[in-house]
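Open the model in your viewer and keep the selection tool at hand. The stops below go residue by residue, with what to select and what is there.

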Amino acid sequence: MLVIGIAGGSGCGKTTVVKALTESLGEKFAVISQDSYYRDCSHMTAREKRDYNFDHPDAIEWDLLCSQLEDLKRGKSIEQPVYSFVTSERSRTETKRVEPAEVILVEGILIFSCAELRKNLDILIYVDADDDDRLMRIIRRDIEERGKDVDWVMERYARTVKPMYLQFIEPSKRYADIIIPQGGQNRVAIGIIADSIEKKLKELKKA
């Protein structure tokens, strides 16, 4: 089993990279998204949710993420939480079943900030992209997928997204084994990584 971490700033193209790798290598993959492990905010008012810092490491339930990753590594299936960015709440009735696989992809903006999680990653990949490109993707995503308006997106970007990127995410690049420039559009780099994963899997099977 190979565990690969994919990190990078919000809107950098992590999802595109994950999709390209899973399409290339098919059923060998299981995916764990950091977004599923945001702490439940159902007890908060609408104002408190608006002010909440979702870009700080404390917003993530790392103990649960690490515990479920360890279960997968032991060959056990997990019930991954389901989180809604529209309501900022974790579902109390629904989970997503994830089965063990040859390759586990762990993706999220803050995953390299957790030392315990880093210890469980065999390969650390950082997806890099220009700030302007990331901001445009953030605006489009939050409006189309999360029901936000432009004012909300820009206010949050200035208040938490950019400062937390500079404090926690961009510095975590130093932990990366591989850095993909040009975000998820760098098909050459993604292809090389996919080939390297295939090669590594063959080596593990021979060992």
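Select Tyr-38 to begin. In this predicted model, Tyr-38 has a relative accessible area of 4% and is therefore buried, the limit being under 20%.

Add Tyr-83 to the selection. The rings of Tyr-38 and Tyr-83 form a tilted aromatic pair, with 5.7 Å from centre to centre and 40 degrees between the planes. Tyr-38 sits in the loop between β2 (29–33) and α2 (46–51), while Tyr-83 belongs to strand β3 (residues 78–84), so this pair ties together parts that are 45 residues apart in sequence. Both Tyr-38 and Tyr-83 are buried.

Now swap Tyr-83 for Phe-85. Tyr-38 and Phe-85 also form an aromatic pair, here edge-to-face, at 5.5 Å centre to centre and 80 degrees between the planes. Phe-85 lies in the loop between β3 and β4 (89–98) and Tyr-38 in the loop between β2 and α2, so the pair ties together parts that are 47 residues apart in sequence. To see the whole group, select Tyr-38, Tyr-52, Phe-54, Tyr-83 and Phe-85, which ring pairs link into a cluster. The count of aromatic pairs comes to five.

Next, move to the charged side chains. Side chains of opposite charge can pair when their charged atoms come close. The count of salt bridges here is 17.

Select Asp-55 and Arg-156, which form a salt bridge with their closest N and O atoms 3.0 Å apart. Asp-55 is in the loop between α2 and α3 (62–73) and Arg-156 in helix α6 (residues 150–169), so the pair ties together parts that are 101 residues apart in sequence. Asp-55 and Arg-156 are both buried.

Go on to Asp-142. Its side chain meets that of Arg-141 in a salt bridge (3.0 Å, N to O). Asp-142 also forms a salt bridge with Arg-146, where the closest N and O atoms are 3.6 Å apart. Asp-142 counts as buried because its relative accessibility is 1%, and Arg-146 counts as buried at 13%. Arg-141 is buried as well. Select Asp-55, Arg-141, Asp-142, Arg-146 and Arg-156 together: a network of salt bridges links them.

Helix α5 (residues 131–144) is the next stop, and Arg-134 is found in it. Is Arg-134 buried or exposed? Arg-134 is buried, with a relative accessible area of 2%. Its side chain makes a polar contact with the side chain of Asp-131 (3.2 Å). Leaving aside neighbours within four places in sequence, the residues in contact with Arg-134 include Gly-9, Ser-10, Gly-11, Cys-12 and Tyr-165.

Stay in helix α5 and pick Met-136. Met-136 is partly exposed, at a relative accessible area of 48%. Its C-alpha is 7.9 Å from that of Gly-11, although the two are 125 residues apart in sequence.

Ile-143 is also in helix α5. Ile-143 counts as partly exposed, with 34% relative accessibility. Select it with Val-150 and Met-154 to show a nonpolar surface patch of about 220 Å².

Finish at Ile-197 in helix α7 (residues 187–206). Ile-197 is buried, with a relative accessible area of 2%. Not counting residues up to four places away in sequence, Ile-197 touches Leu-2, Ile-4, Leu-21, Leu-25, Phe-29 and Val-103. For a last distance, take the C-alpha atoms of Ile-197 and Ile-32, which are 165 residues apart along the chain and separated by 17 Å.

How values were computed:
Residues are numbered from 1 along each chain as its sequence is written. This is a predicted model: local features need pLDDT of at least 70, side-chain atom pairs count only at pLDDT 80 or more; totals for chains, interfaces and linings use all residues. Side-chain values use heavy atoms; hydrogens and water are left out. Helices (H or I, at least four residues) and strands (E, at least two) are DSSP runs, numbered from the N terminus. Buried means under 20% relative accessible area, exposed over 50%, partly exposed in between (1.4 Å probe, protein chains only). A polar contact is a pair of N or O atoms within 3.5 Å; within protein, one must be able to donate a hydrogen and the other to accept it, and residues adjacent in sequence count only if both atoms are side-chain atoms. Contact means heavy atoms within 4.5 Å. Patches are made of residues with over 30% relative accessible area and no salt bridge: like charges are joined within 9 Å, nonpolar side chains (Val, Leu, Ile, Met, Phe, Trp, Tyr) within 5 Å. Accessible areas come from the Shrake-Rupley method with a 1.4 Å probe; for residues, only the protein chains shown count as cover. A salt bridge is a side-chain nitrogen of Lys or Arg within 4 Å of a carboxyl oxygen of Asp or Glu. Rings of Phe, Tyr and Trp (its six-membered ring) pair if their centres lie within 6.5 Å; planes under 30 degrees apart count as stacked, over 60 as edge-to-face and the rest as tilted.
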